[in-house]
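Could you walk me through this model in the viewer, one selection at a time? I would like to know what to click on next and what I should see there.

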Amino acid sequence: MDLLSNLALGIETAFTLENLLYCALGVTIGMFIGVIPGIGHLAAISMLLPLTFYVPATTAIVMLAGIYYGAQYGGSTASILLNLPGTPASAVVCLDGYPMAQQGRAGVALMMTTVASFVGSFITVIVLAAFAPPLASFAVAFNSTDYFSMMLLGLVAAAILVQGSPVKGIAAVLLGLILGLVGTDVSTGIQRYAFGLTFLYDGINIVAIAMGIFGVAEVIANVGKVKGVQSAQKITFRSLIPTRQDVKQSIMPMFRGTGIGTGVGILPGTGTSIASFLAYAVEKRISRHPAKFGKGAIEGITAPESANNAAAQSAFIPTLTLGIPGDAVMALMLGALLIHGITPGPNVISDNPSLFWGLVISFLIGNVLLLILNIPLVGLWVRLLKVPYPLLYPSIVLFIAIGVYSINYSHMDIMLVAVFGVLGCLMLLLGFEPAPLLLGYILGPMIEENFRRALMLNQGDMMVFVERPVSAAFIALSVLLLAWSAYSMVKDRRTARMAAGQ
Amino acid sequence: MTETRSIGATLFNAAVVVGAAVAFVASGNLPDIGGQGSLPPSFFPRVTTAAIALLASICLIRDVAAMYRAQQRPCFPSITLVGVAGLAIFAVMMGYALLFERLGYILSTALFVVTSVAVLSLLARRSGQEKGAWSLRRGVGLVVLALAFAITIFYLFLVGFSITLPGLPLAD
């Protein structure tokens, strides 16, 4: 009964004209962003974040979330038609999607990836509605000690599970922590690292950091990389219809992909790319015909597609129930909540039921919209891919500049974006993942606040972090992750040395 | 012939070590406020900067040791297209930020669009990403497009989002 009344509240919230419009706008922008290689959903979300300051919190999150999961749908289109992954998570779809297109089955591939995306998202939204409220109720009993340890685990996971060197992941998190410390210390009112600059007294704007390291850095990094598209296969309605064999071969991979994606999305620091690659690897391993993979196996596109869409939805579970963002996109969502005066944590669902349930229903609406819109708009997306880089990217930089200016009406924010753009570009060139930096920036002040509060309540006794069972479990998991990472590094180095010696 | 090795990463690590050391010292100037069991505001900055300095030092030592072991000759990193693009976009954005309130939104934005399209076109041509020659007609077209774009965005923000941008040069 309670669930029914909550769903009714969600329907009432999501079906307002404003929320429906922003949901449709979000998923359409997301699809567009997903199709265009070189513009990530992070850049798009950070670019549009300032525009959501002028609408209610629920509407803002509905639109930003729409961009995120809409991009997962669109990402596979360019992978299949052009062998260009629109998003990192859809890179794996190139492996079998492009061969399918070369065999004249691009329509079937597009249809099946759309259906797989819908299945993955839809099932995970139901999981979110079923499990998020009980998890939040459980987490209400957490105190500052548990929160500190949980956030520590989130940061360790974000640093360790990144692609590339874990040392660089840790360095990026620490850099984020330092950036989060800039401004007024909430406990004492003292200025830290503001160097007398008044625009830094309230801290560095999250939008400036996100737009710089994701938006501007991507524009810079794509110079000379993204080539204009000249042609792509034409898609007719008839070519979209899959055979009975295609459907039969796709059903179980879709469900397995959904399971993998849901599990991976909940874990901090993982994200949609790991989910799709893992689903692909599992399908290949359990397949009776692994040799088919890479040559146009339909399981090779449906499993990763359902996995990355499921992960995009399940990432909201820790974000909305615990206030712990699993990846950089979720960190931006938390940033948006904070801007709207909503403190992330287990009380979000009980204090703002219309936000949570409205979001759940809007996910369902958004996914239905994507299912309907994805295929008819393919032709339009392919035409958009022909827009030359020197015209498309200055527009992005311009929107970034105006967007960040509109927050505080300060030209200093545009300068900050430029500085973070260069920093983001340097990080990309040197093999640092920028996402952990944003997580460090968001979680840093929260970690510090909870650490100091826990110590103050326990007269400075550090043992409190290992005496409380929940906190001890999180600390133990963090230590295990670090140990596993160190072991993997040593093992990899030994293997490389042995290979070099041969 | 001795092999060469770019010191780009080494320089970056060295800069991080220096930056972290400066931030560590700066945190020492923070007042030592803190009562029974509570931590002073300098605690987290010190721990974080020390950890950054330590990690960057390890990376720096490993870099230098690898170069020494392999008997490679250090060399400055070559100037890449991305590097040039980074500097160009940085300069254009900084210029835009400085001119934004002086020239007003419409003129500074049109200037920004013309400059950035020209810079990115030039870089894209150098990489073979774009083809086609520049002409006076295309240049004039770009200026007209930039002005139209700036005015459209100005009214979009004004009407659509109720955000007033400084339209024309601000009077002193």
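Start in chain B of this predicted model and select helix α1 (residues 8-27) together with helix α2 (residues 43-69). Their axes come within 8 Å and cross at roughly 155 degrees. Angles over 145 degrees count as roughly antiparallel, and α1(B) and α2(B) are therefore roughly antiparallel to each other. If you look down through the pair, the crossing of α1(B) and α2(B) is left-handed.

Now show the side chains where these two helices meet. On the α1(B) side, pick residues including B:Ala9, B:Asn13, B:Val16, B:Val17, B:Ala20 and B:Phe24. On the α2(B) side, their partners include B:Pro45, B:Thr49, B:Ile52, B:Ala53, B:Ala56 and B:Leu60. Colour the contact of α1(B) with α2(B) by class and you will find 16 nonpolar, 5 polar and 2 charged residues.

Stay with chain B and zoom out. Which residues belong to each domain of chain B? Domain 1 covers 4-75, and domain 2 covers 81-160. The C-alpha centres of domain 1 and domain 2 of chain B lie 38 Å apart. Next, colour chain B by confidence: the mean pLDDT is 81, and 88% of its residues reach 70 or more.

Move on to the place where the chains touch. Select the contact between chain A and chain B, which takes 53 residues from chain A and 51 residues from chain B. On the side of chain A that touches chain B, the elements giving two or more residues are α8 (166-181), α9 (206-221), α19 (389-408), α20 (411-429) and α21 (435-457). Which of these elements gives the most? That is α19(A), with 11 residues. By class, this side of chain A divides into 39 nonpolar, 9 polar and 5 charged residues. For the model as a whole, the scores are ipTM 0.84 and pTM 0.80.

Next, go into chain A and select helix α4 (residues 57-82) with helix α6 (residues 106-139). The axes of α4(A) and α6(A) come within 10 Å and cross at roughly 160 degrees, so these two helices are roughly antiparallel to each other. Here α4(A) passes α6(A) in a right-handed crossing. Among the residues to display are A:Tyr69, A:Tyr73, A:Thr77 and A:Ile80 in α4(A), and A:Ala109, A:Leu110, A:Thr113 and A:Ser117 in α6(A). The class colours show 7 nonpolar, 7 polar and no charged residues in the contact of α4(A) with α6(A).

Your last pair is helix α11 (residues 244-266) and helix α12 (residues 272-286), also in chain A. They pack at an angle of about 140 degrees, with their axes 9 Å apart. The helices α11(A) and α12(A) are therefore oblique to each other, and their crossing is right-handed. Show A:Pro253, A:Gly257, A:Ile260, A:Gly261 and A:Val264, which are among the α11(A) residues at this contact. Facing them in α12(A) are residues including A:Ile274, A:Leu278, A:Ala279 and A:Val282. The contact of α11(A) with α12(A) has 8 nonpolar, 3 polar and 2 charged residues.

Finish by colouring chain A by confidence. Its pLDDT averages 84, and 94% of the residues score at least 70. Where is confidence lowest and where is it highest in chain A? It is lowest in helix α18 (residues 378-384), at a mean of 72, and highest in α11(A), at 92.

Definitions and conventions:
Residues are numbered from 1 along each chain as its sequence is written. Chains are lettered from A and ligands numbered from 1 in the order in which they are written. This is a predicted model: local features need pLDDT of at least 70, side-chain atom pairs count only at pLDDT 80 or more; totals for chains, interfaces and linings use all residues. Domain bounds come from an automatic or database domain assignment. Two residues are in contact if their C-beta atoms, placed from the backbone, lie within 7 Å. Helices (H or I, at least four residues) and strands (E, at least two) are DSSP runs, numbered from the N terminus. Ala, Val, Leu, Ile, Met, Phe, Trp, Tyr, Cys and Pro count as nonpolar, Asp, Glu, Lys and Arg as charged, and the others, Gly among them, as polar. Axes are lines fitted to C-alpha atoms, for helices over the stretch in contact, and angles run from 0 to 180 degrees between N-to-C directions. Angles under 35 degrees count as roughly parallel, over 145 as roughly antiparallel, 65 to 115 as roughly perpendicular and the rest as oblique. A crossing is left-handed if the near helix is turned anticlockwise from the far one by less than a right angle, and right-handed if clockwise. pLDDT is the predictor's confidence in each residue, from 0 to 100.
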